[in-house]
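Me: Could you walk me through this model with a few questions and answers? I have it open and would love a friendly tour.

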Amino acid sequence: MSSLAVHKAPSAAGTTGATQSRPPLRSRIALVPTITLVLGAIYTLLPVAWVIIASTKSGRELFSTFTFLPGTGLADNIKQLNAYRDGVYWKWMGNSALYAGLGALLSTVVSSFSGYALATYRFRGRETMFNVLLAGVLMPPIILAIPQYLLLAKADLTDSYLSVMLPQILSPYGVYLARIYAAAAVPGDVVEAGRMDGASEWRIFTRVALPMMVPGLVTVFLFQFVAIWNNFLLPYIMLSDDEKFPITLGLYTLLEQGSNQPALYTLVITGAFLAVLPLIALFLVIQRFWSLDLLSGAVKS
Amino acid sequence: MPNTKRTRLVASTIAVALGATALTACGSSDSDSKTESGPVSLTYWTWTPGMDKVVDLWNKGPGKKAQITVTVKKQASGDSLVTKILTAHKAKKAPDLVQAEYQALPTLVSNDALADISKDLGDTKSKFADGVWQQTTLGTDAVYAVPQDIGPMMFYYRQDLFKKYGLSVPTTWEQFAETARALKKKAPDKDLTTFSANDSGLFAGLAQQAGAKWWTTSGDKWKVGINDAATKKVADFWGGLVKEGAVDNQPMYTPAWNKAIDTGKQIAWVSAVWAPGTLTTAAPQTKGKWAMAPLPQWSAGDNVTGSWGGSSTAVTTDSAHTAAAAKFAAWLNTDGGALQALAKDSGIYPAATNAQTSGAFAQPPAYFSNQSDFYTEAAAIAKTTAPSAWGPNVNVAYTTFNDAFGTAAKNKSDFTAALNTMQDATVADLKKQGFEVSE
């Protein structure tokens with residue numbers, strides 16, 4: 001489009017200098033962000049490409065052939081991964097899916113309750129509560145892992161599925177996001193109208209507010225899902241039974257087998273590659289809700 | 001591997017986060033051995049692959065008789081495991097048995113995480129070389145672990161390429177330097193080996209061979225000797241080689257290093273008895289082309305080596321069944337059948353002296369099929385291991401090593417300065433932890 005305009009500008013018997021110089025200026029501005037974005041894309045996609053290509057290489061090819069030359073060992077690598085300790089890899093995968101799927105779902109539910117409540121109701125201590133929550137957003141979860149471990153140890157819950165799930169259900173960021181979204185997407189008039197019609201608060205929330213909040217909650221779900229799927233430290237501290245490990249921990253044990261053991265590079269790389277696939281699939285599937293998000297936001301405001 | 005980097009980062013993050021809490025000394029709990037009757041079930045944290053199979057032997061054999069069942073919970077190895085054990089110990093939830101590298105024992109003991117099992121071990125001591133056993137007592141009358149595997153250091157080289165370039169196997173470090181220079185002259189794009197600033201354990205082993213004693217105690221005080229004369233000699237030697245470009249300065253265990261040794265860009269490796277396993281994956285194309293020789297010596301006629309790696313089985317103070325756990329630890333590391341299985345299924349090199357020449361080690365490792373006396377030679381070298389001296393904050397010294405020597409190797413600058421940094425950081429940390437340090 002812009003290049004067309006550039007060509008047209010002079011032939012349209014250039015009226016003033018200003019109109020002539022504007023289109024090229026615009027295209028020059030567009031060039032910088034484009035290059036930046038392309039560089040950013042290369043920067044983020046290159047490691048992904050590396051993992052994909054490296055996972056097709058056999059152990060023999062991994063370090064000897066050209067880095068971006070696909071190898072011949074993918075099927076074999078997957079077979080080996082399958083066979084490793086009677087398929088414990090898939091157990092880890094299942095655990096990750098459970099932690100991330102159920103954890104993110106519960107976290108979204110909790111976030112929607114509390115976000116809606118914080119946005120809709122006026123009660124004493126609301127701002128204080130919200131400020132504490134904001135502080136929680138700023139707190140990196142990493143430094144909470146050890147206190148959380150000591151706490152759960154008191155309740156005798158360590159080394160259980162719950163120990164990984166519980167701390168991740170309450171996500172300050174999720175609640176924060178849900179509140180902001182609920183405040184913007186659920187007009188007070190609508191809630192008021194519901195009350196006038198005699199609907200109970202629960203009914204207003206589930207029938208009126210919740211559908212309006214869905215796009216925001218999808219975002220919360222996605223964020224939590226990715227955060228839990230990639231989480232390393234919390235399960236690392238909490239779990240000692242490797243049957244309960246999520247994929248991140250499992251791959252780590254493959255890599256760190258002690259100095260006298262060969263690291264299982266090909267297995268780790270293939271395992272890492274397979275572990276990203278669910279995330280990619282999830283993003284592709286849920287992407288449509290995100291475009292809805294942008295759209296609905298525009299209409300409402 | 002990008003993965004390693006990330007997890008190492010995370011691991012050190014825990015270490016930092018824990019620093020404030022776990023490393024403060026806990027109140028001493030009593031660790032007298034509890035004798036009990038009835039079935040006992042124990043948990044065991046280990047990173048050794050195939051350990052579940054070895055433990056099955058126990059659960060079906062002697063364990064069944066003694067009504068002691070052991071459950072393996074496989075862990076990732078490394079410093080982060082020590083941190084994890086200490087975190088669990090803080091909540092009194094550490095497993096009954098843990099695998100621990102020798103250099104981690106003082107850290108665990110000073111946090112009161114390991115039980116003294118000297119009363120429960122019987123004549124176990126006689127099965128090990130004194131130098132190995134000494135690492136589990138920390139120079140006291142107590143015994144905190146049973147040695148499992150050791151990593152006596154050796155010199156590995158490409159037999160075919162040494163022949164091609166007319167090099168002979170160095171027996172002293174001086175010859176080693178000459179060999180490196182000679183190779184550079186004949187093939188400027190090749191390196192004899194590399195100085196890896198990522199592998200603190202390797203440097204510690206080399207210093208140990210030179211006679212360094214990094215941590216010693218006198219009375220109640222610790223003395224740190226990281227910049228002692230022996231270590232300085234080692235640092236200067238390698239610093240000189242790196243500076244003049246006689247050896248490479250890139251870290252080991254990276255894809256680039258794997259490629260270098262696989263394609264013959266680097267033709268030798270200062271490593272330990274477990275090298276065949278590493279070479280199998282790192283340099284699969286060069287199978288049968290390597291050979292092993294004793295480590296070069298500081299003065300001709302000497303016969304000393306250091307150690308790199310090796311670990312032990314320890315019983316924690318959180319265990320309610322110390323005696324039962326000690327019984328298992330002793331069986332695991334001295335019983336013929338167990339050691340045979342450990343060698344076969346887990347590929348470890350046993351610390352128990354008579355196991356080093358047992359049936360499992362009659363044949364050389366497949367990767368070294370050309371060197372039929374590999375394990376006979378290895379057992380002889382293992383006997384020459386210099387005593388080691390570990391302290392309660394090896395992790396700090398090691399981290400500082402990575403930082404200081406990493407920069408020094410990259411810039412080809414003074415290694416002695418890096419060594420002093422390491423010394424100062426270690427002393428400062430000991431003091432911060434509340435230990436008495438003599439200057």
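Me: What pattern does chain A follow, read along the sequence?
Reply: Happy to help! This is a predicted model, where local features need pLDDT of at least 70, side-chain atom pairs count only at pLDDT 80 or more, and totals for chains, interfaces and linings use all residues. Residues are numbered from 1 along each chain as its sequence is written, while chains are lettered from A and ligands numbered from 1 in the order in which they are written. Taking helices as DSSP runs of H or I with at least four residues and strands as runs of E with at least two, numbered from the N terminus, chain A has 14 helices and 0 strands, which reads as α-α-α-α-α-α-α-α-α-α-α-α-α-α.

Me: Is Leu239(A) buried or exposed?
Reply: Leu239(A) sits in the loop between helix 12 (233-238) and helix 13 (247-255) of chain A. A residue is buried if 20 or more other C-beta atoms, placed from the backbone, lie within 10 Å of its own, exposed if 12 or fewer, and partly exposed in between. Because Leu239(A) has 23 other C-beta atoms within 10 Å, it is buried.

Me: Which residues is Leu239(A) in contact with, leaving aside its neighbours within four places in sequence?
Reply: Contact here means that two C-beta atoms, placed from the backbone, lie within 7 Å. By that rule, the partners of Leu239(A) beyond four places in sequence are Asp159(A), Val164(A), Lys244(A), Phe245(A) and Leu249(A).

Me: How far apart are the end C-alpha atoms of residues 97-118 of chain A?
Reply: An unreviewed UniProt entry lists several spans of chain A as "transmembrane region", including 97-118 and 130-150; its positions are given in the numbering used here, and such annotations may be inferred rather than shown by experiment. Residues 130-150 of chain A are 71% helix and 0% strand, with end C-alpha atoms 26 Å apart. Residues 97-118 of chain A are 100% helix and 0% strand, and their end C-alpha atoms lie 30 Å apart.

Me: Which element gives the most to the side of domain 1 of chain B that touches domain 2 of chain B?
Reply: An automatic or database domain assignment sets the bounds, giving chain B domain 1 (36-151 + 309-375) and domain 2 (152-306 + 389-437). In all, 22 residues of domain 1 of chain B are in contact with 21 residues of domain 2 of chain B. Helix 4 (79-90), helix 5 (105-110) and strand 4 (145-158) of chain B each give two or more residues to the domain 1 side. With 4 residues, the element that gives the most is helix 5 of chain B.
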